[in-house]
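Here's a quick briefing on how a couple of chains fit together. Have a look at the structure first, then we'll go through it piece by piece.

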Amino acid sequence: MATLAALGRAAARASDDAFFLGHLLRLYREVAEIDEDGLAAELGCGREGLVRLALCRAPREGAHFRADLARAAAHAGADLDRLIPVVRRAQAAEALRAAASAGLLAAARDADERATEQ
Amino acid sequence: MSEGTGRPADERGAAIHAGLLRGDAEASAVLFELHYERVLARLRARYRAASHDLVEDAVVQAFTSYAMRPGQYDPAQRSLGGFLAMAAERDLRNVLAREGRHRSVAIDDVELRDLPRNNEVEDAMAAMVDAEDAAELEDKIVRLVGEPAERRVLALMRDGVRATGPYAEALGLAALPEGEQRRRVKQAKDRLKKRLARSGLLAGRGGG
């Protein structure tokens, strides 16, 4: 088992990628405005568990969703019933951000077209 | 031992690989927990002049790439740890090549005297490999060192070989007494280093 510090740095880097559950956990922390200790407490797993959780794969949708999170929670010693709403809220926040970003892009494109026509 | 390959079976690696192929959520975490720090330490030891950030980025990138596309690894070819180390080193070399393709490193700048290495010849080679794109460096060496035996010596140095035996064999000295082998091998390494320094490959040394 690698040291917590080394794995923590790896998890922070890996969280840039949506493949990892850490991506959603980081998003949740931003939305909920809590730090890592706060999230670890919310999930009932401690800092080491949070790092392990972050390095798990993000859940697949559909039939796999709950089973994927159950495996990740078991590996990290986290509470599945608390993890599921955290992940759902992060996914909702991500969808909102994507929509807002698309809206901004569309508005910018419209403005650009209007400026070209004038 | 695994059948056919002649190397020990990598049972834990095989389990992680199978888990990633199945899409097990925890498989990527187990991958990092078992292999990350070892691969990181190996790369840091080999690329002492590279920033820790770059090395960590390269290792995470290699692990992520494998976790997302586990089909790129063939367990029949090598151990999972070996594959990850190779992939991370390839990524790091690509990053280093992009960052400073035509730089060479001043040997005195990398505090070689503090490094627990065999001798300064190998340190010099390691610093060069750190600083240069491997293929580019290879081309320069081939142009500079025409003698096949000496080229084999350089390859051994680059690969971090410590024992005198392989060098003695490469130089045709295997029949000599051990002490004499060591002396002649050291001479050969020093000669090569001086030649590299005079060529300008080792900035800060020779060059004129």
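Let's start with a short helix in chain A: the exposed residues Asp37(A) and Gly38(A) sit on the face of H3(A) that is turned away from its buried side. Keep in mind that this is a predicted model. From there we'll move to a helix pair inside chain A, and then across to chain B.

**Helix H3 of chain A**
- Helix H3 of chain A covers residues 36–43, and its buried residues are Leu39(A), Ala40(A) and Leu43(A).
- Why do these three end up on the same side of H3(A)? Because they span an arc of only 100° around the axis.
- Right after H3(A) comes Gly44(A), and its phi is positive, near 65°.

**H1 against H4, within chain A**
- Helix H1 (residues 4–14) and helix H4 (residues 46–54) of chain A pack with their axes 9 Å apart, at an angle of about 40°.
- The two helices, H1(A) and H4(A), are therefore oblique to each other.
- As for handedness, H1(A) and H4(A) make a left-handed crossing.
- On the H1(A) side, the residues involved are Leu4(A), Leu7(A), Gly8(A), Ala11(A) and Ala14(A); they meet Arg47(A), Glu48(A), Val51(A) and Ala54(A) from H4(A).
- Sorted by class, that contact of H1(A) with H4(A) has 6 nonpolar residues, 1 polar and 2 charged.

**The contact between the chains**
- Chain A puts 22 residues into the contact and chain B puts in 17.
- Which elements of chain B give two or more residues to the side that touches chain A? Those are helix H2 (27–46) and helix H3 (52–68) of chain B.
- H2(B) has the largest share of that side, with 7 residues.
- The side of chain B that touches chain A breaks down into 8 nonpolar, 6 charged and 3 polar residues.

**H1 of chain A against H2 of chain B**
- Zooming in on one helix pair, the axes of H1(A) and H2(B) cross at roughly 95° and come within 10 Å.
- H1(A) and H2(B) are therefore roughly perpendicular to each other.
- From H1(A), the residues Ala6(A), Leu7(A) and Ala10(A) meet Phe32(B), Glu33(B), Tyr36(B), Glu37(B) and Leu40(B) of H2(B).
- There are 6 nonpolar and 2 charged residues in the contact of H1(A) with H2(B), and no polar ones.
- Leu7(A) turns up twice: it's among the H1(A) residues that meet H4(A), and it's also among those that meet H2(B).

Note on methods:
Residues numbered from 1 in each chain as written. Chains lettered and ligands numbered in written order. Predicted model: local features only at pLDDT ≥ 70, side-chain atom pairs only at ≥ 80, totals over all residues. Contact = placed C-beta atoms within 7 Å. Helix = DSSP H or I, 4+ residues; strand = E, 2+ residues; numbered from the N terminus. Nonpolar A, V, L, I, M, F, W, Y, C, P; charged D, E, K, R; others polar. Buried ≥ 20, exposed ≤ 12 C-beta atoms within 10 Å, placed from the backbone. Arc of directions from axis to C-beta. Axes fitted to C-alpha atoms, helices over the stretch in contact; angles between N-to-C directions. Parallel < 35°, antiparallel > 145°, perpendicular 65-115°, else oblique. Left-handed = near helix turned anticlockwise from the far one by under 90°.
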